[in-house]
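Student: I would like to learn how to read a model one feature at a time, with the general idea set out before the particular case. Could we begin with the surface and then work inward?

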Amino acid sequence: MTPMAPRGTHDHAALARLWADRPGVGRLSSVNHTTLGLRFVSTGLIFFLIGGVLAMLLRTQLAVPDHDLLDAGTYAQLFTMHGTVMMFLFAIPVLEGLAIYLVPKMIGARDLLYPRLTALGYYCYLFGGLILMASLALNMAPDSGWFMYTPLSSDFAAGPGSDFWLLGVTFVEISAVAAGVELTVSILRGRAPGMRLMTMPIFCWYILGMAVMIVFGFPPLILASILLELERAAGLPFFNVAAGGDPLLWQHLFWLFGHPEVYIIFLPAAGIVSTLIPVFARRPLVGYGWLVVAIGITVFLSFALWVHHMFTVGIPHVAQAFFSMASMLIAIPTGVQIFAWLATLWQGERSSGSVPMLWIFGFLIIFVLGGLTGVMLALVPFNWQVHDTHFVVAHLHYVLVGGMLFPLMAGLYYWLPHRSGRLGPQHLGRWGFWLTFWGFNGTFFLMHLTGLLGMPRRIVTYGADAGWSALNLLSSVSGFVMAAGVALVLLDLLLHARFGQRAPYNPWQADTLEWATGTPPTAYNFASLPRAVPANPLWQEPTLPQTLEAGEGWLGHAEPTRRETLATSTFDARAQAVVALPGNTWLPLGLAAVLAVLCISLLVRAYPLAAAAALVAGALAFWWSWCNGPRGGSSGPTLELPVHWNTLDGPGLWGMQAALLANGSLFACWLFSWGYLWMLAPQWSLPASPSLSVASIGLVVLSAVLAWLAWERITREAQRAWHRYGATPGSESPDAMASAHPIPTAARKTAFGKASPGLSAALAALHALALVAMLAGANLAPRSTTHDAMLLVLLLYLLLHAGLVSVASALQWLRWRRGWVGLHRPYELAVVRSLNRYYLATLVLGIVAVLPGVMR
């Protein structure tokens, strides 16, 4: 297809008005990715400062022997909150924010494909972080460690600290999963035409790997948090050995999340390194394809390492050997990346001593050292000797701080001119780097030595005769040196952004598309979108920014009336549809606020208020879906591509499927937990009589299959109708289709022949009622046995999804009655069909898994 007509110069003002944030308090309704990305980054840096202050208090306590600055309880709270803040409120959100800001600009799009979801994710992150900080302010902070091992966090944690952690972290993880879904689909389906997967910026490959790992890696901790909160609040014994549970189940679920999280943090940081090194070396990245393979291998292997943290809990030797081997294998893709970076520097021009490159070189040194100690910890006998000592603390910080903080600082210095349009002097930044570099090594390198000398982690004080005094004092002094360096860096960044000299266009002479948006960028990124994007666009086509500004690319048509970007095919990025994006809205803030009320109600055990908040949250969520797409009969101006709601393969379908993958990961973790407890829990026992009857199970399955068949018939009728009138979904616009293939008015409205969404809605509602009846008639004792507690969680999970399917089907029936869904707009049908299919699959798998235990 040829691009649309060039826009006139007067349309830039119209685009600016259309994409602008509202003034004043109205900015809270913004859904623009630039605004939200900056909010993630700035909020994460504030939490970073809080976590740093907590770390300095810990180092002050350990500076000298027999120090009594902090009592044991306060020290445990500060230790727990330091790890929680740095892992959950700083590292991942900041990197997500950087990705949210950069990815649309790098892939030649005007925004991410689900702007409201991004806004919801930010507010969930903010409110969850505030809930966690409130526990610290109220002296009710958790004190069981940031990993919350049971039974320390359950039987021996009487106060609300563990509840603050469980509810607050789960709230924050909603944000992370939302970002994972958003970034995955936007990278796969939102790239500019011609930007094939193997030519897109390497940073986007790293972010894609991170997003996929979030989708699969965060649900294990969400499930574990739900189970532990149910145990604490409702008495369901999931981790109680006497009732058939096992505290080791928490460790398995936590580290199923925890070790992939290390690479969730590392991959975006490595993406920054892979982006900056070619720019300063003035040559393309060496081994682009090999790095893509290395990213894929890292993503895969990261899920096979969780027992790396559990070598001392008594697992079989065969399992120890497997996970030890996997832990060493993952060093191979990491080594491939390091050698590619070194080869690029070797073959490129002599790199300047700019501040971003100082942080890159610091990263290379520190991360390699951390990787070497990681290989040491992968050896089981050595791991046994240093487990739970300061050696592990040192390794963790070398990998996470060296592997994440140093590249992040390089990226902030590199992209700050893009946002602020300003550059500053280098002197303050260099001082900040060297203080941070030497302070970091002085702090954590010495911890390797104290760990080898036997100093346990999480120890509140020690005696003068332990032999650790001098090393701890030097480590604490170095910690304050590092803190001074970080303070200088943050001050330098603020001064740059406010008082720096005006930066020229593309000051680093970079090759990626974000520098084609201007400095600072416009709210809409590009006046028109690129038609064909080479591997290094700004190096190969230096005039590309002027071409796009003149409106000579896609979506350069006059008189923009809505926010638009393009949906393209996954591999070769062929233009497929125009995506009409929502504008500013208060829905994300409102929904997140109601969810915050729900969490606080659960914290204070105000269950009626929690139930009311859950109902309001559900109503807002369905109102959100009700506002999707157009309300009237017009699809907008005639375009050469269909609008996404006139297709059967819109980005929303991919978003639903990505969300269902995360949901499926949660369900798979339940299956894993059920199997683990059945086979390995010491006191696992089956009930004396069957919990579920054969008749109730058969009725539930039969009703679900009937509802599924009804919905399948609806979607098949819609597809046949498209072909009946000579159209292929997504091949042409509805207006062009209507003119070339006249469609009867009745057919355009109904679109389904004899099938109606009303039938599916009715059958889905009947199925939900059958599931309620089965749950009410089940002979369960969930507070007495882990078996029945796990079964109750399964039935509640299925009931929740049955309700979702029935309400979603009912909404589709109402939209069909109003003419908002039909032959001309079949897009929502495929979305609901995916949900319906997922529910049926989980129903069958769940029942098959529990059948041997519930029937005899």
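Tutor: Helices here are DSSP runs of H or I with at least four residues, numbered from the N terminus. Please keep in mind throughout that this is a predicted model. With that idea in hand, helix α16 spans residues 469–499, and Leu 473 is found in it.

Student: Is Leu 473 buried or exposed, or does it fall in between?

Tutor: Buried means under 20% relative accessible area and exposed means over 50%, with partly exposed in between. Leu 473 has a relative accessible area of 41%, which means that it counts as partly exposed.

Student: Which residues form a nonpolar patch on the surface together with Leu 473?

Tutor: Leu 473 is joined by Val 64, Val 477 and Val 481 in that nonpolar patch, and together the four residues have about 280 Å² of accessible area.

Student: Moving inward, which residues touch the most other members of the largest nonpolar core?

Tutor: A core of this kind is a set of buried residues joined through side-chain atoms within 4.5 Å. The largest one holds 257 residues, and Phe 90, Trp 250 and Trp 341 are those that touch the most other members. Helix α3, residues 72–106, gives this core its largest share, namely 21 residues. Apart from it lies another core of 7 residues, including Trp 645, Leu 653, Tyr 827 and Val 831.

Student: What does Trp 250 touch, once residues up to four places away in sequence are not counted?

Tutor: The contacts of Trp 250 include Phe 147, Met 148, Tyr 149 and Thr 150, as well as Trp 165, Leu 221 and Phe 239. Two of these residues lead on to the backbone: Met 148 has a phi near 55°, a positive value in a residue other than glycine, while Thr 150 is joined to Pro 151 by a cis peptide bond with omega of about 5°. Met 148 has its place in the loop between α4 and α5, and Pro 151 is found in the loop between α4 (115–137) and α5 (161–189).

Student: Where else does a residue that is not a glycine have a positive phi, such as the value of about 60°?

Tutor: Asp 388 has that phi, and it lies in the loop between α13 (380–386) and α14 (390–420). As for accessibility, Met 148 is buried because its relative accessible area is 0%, whereas Asp 388, at 30%, is partly exposed.

Student: Which residues does the cis peptide bond with omega of about -5° join?

Tutor: That bond joins Thr 519 and Pro 520, and Pro 520 lies in the loop between β2 and α17. Pro 530 lies in the loop between β2 (501–502) and α17 (537–540). Pro 530 has a relative accessible area of 0% and is therefore buried; leaving aside residues up to four places away in sequence, it touches Gly 108, Ala 192, Pro 193, Leu 513, Leu 548 and Trp 554.

Student: Finally, how many disulfides does the structure hold?

Tutor: A disulfide is a covalent bond between the sulfur atoms of two cysteines. The structure holds 0 disulfides. Cys 599 is in no disulfide, and the nearest cysteine sulfur, that of Cys 124, is 8.6 Å away, against a cut-off of 2.5 Å for a disulfide. Cys 599 is buried, with a relative accessible area of 10%, and Cys 204, at 0%, also counts as buried.

Methods. Residues are numbered from 1 along each chain as its sequence is written. This is a predicted model: local features need pLDDT of at least 70, side-chain atom pairs count only at pLDDT 80 or more; totals for chains, interfaces and linings use all residues. Side-chain values use heavy atoms; hydrogens and water are left out. Buried means under 20% relative accessible area, exposed over 50%, partly exposed in between (1.4 Å probe, protein chains only). Patches are made of residues with over 30% relative accessible area and no salt bridge: like charges are joined within 9 Å, nonpolar side chains (Val, Leu, Ile, Met, Phe, Trp, Tyr) within 5 Å. Accessible areas come from the Shrake-Rupley method with a 1.4 Å probe; for residues, only the protein chains shown count as cover. A salt bridge is a side-chain nitrogen of Lys or Arg within 4 Å of a carboxyl oxygen of Asp or Glu. Helices (H or I, at least four residues) and strands (E, at least two) are DSSP runs, numbered from the N terminus. Contact means heavy atoms within 4.5 Å.
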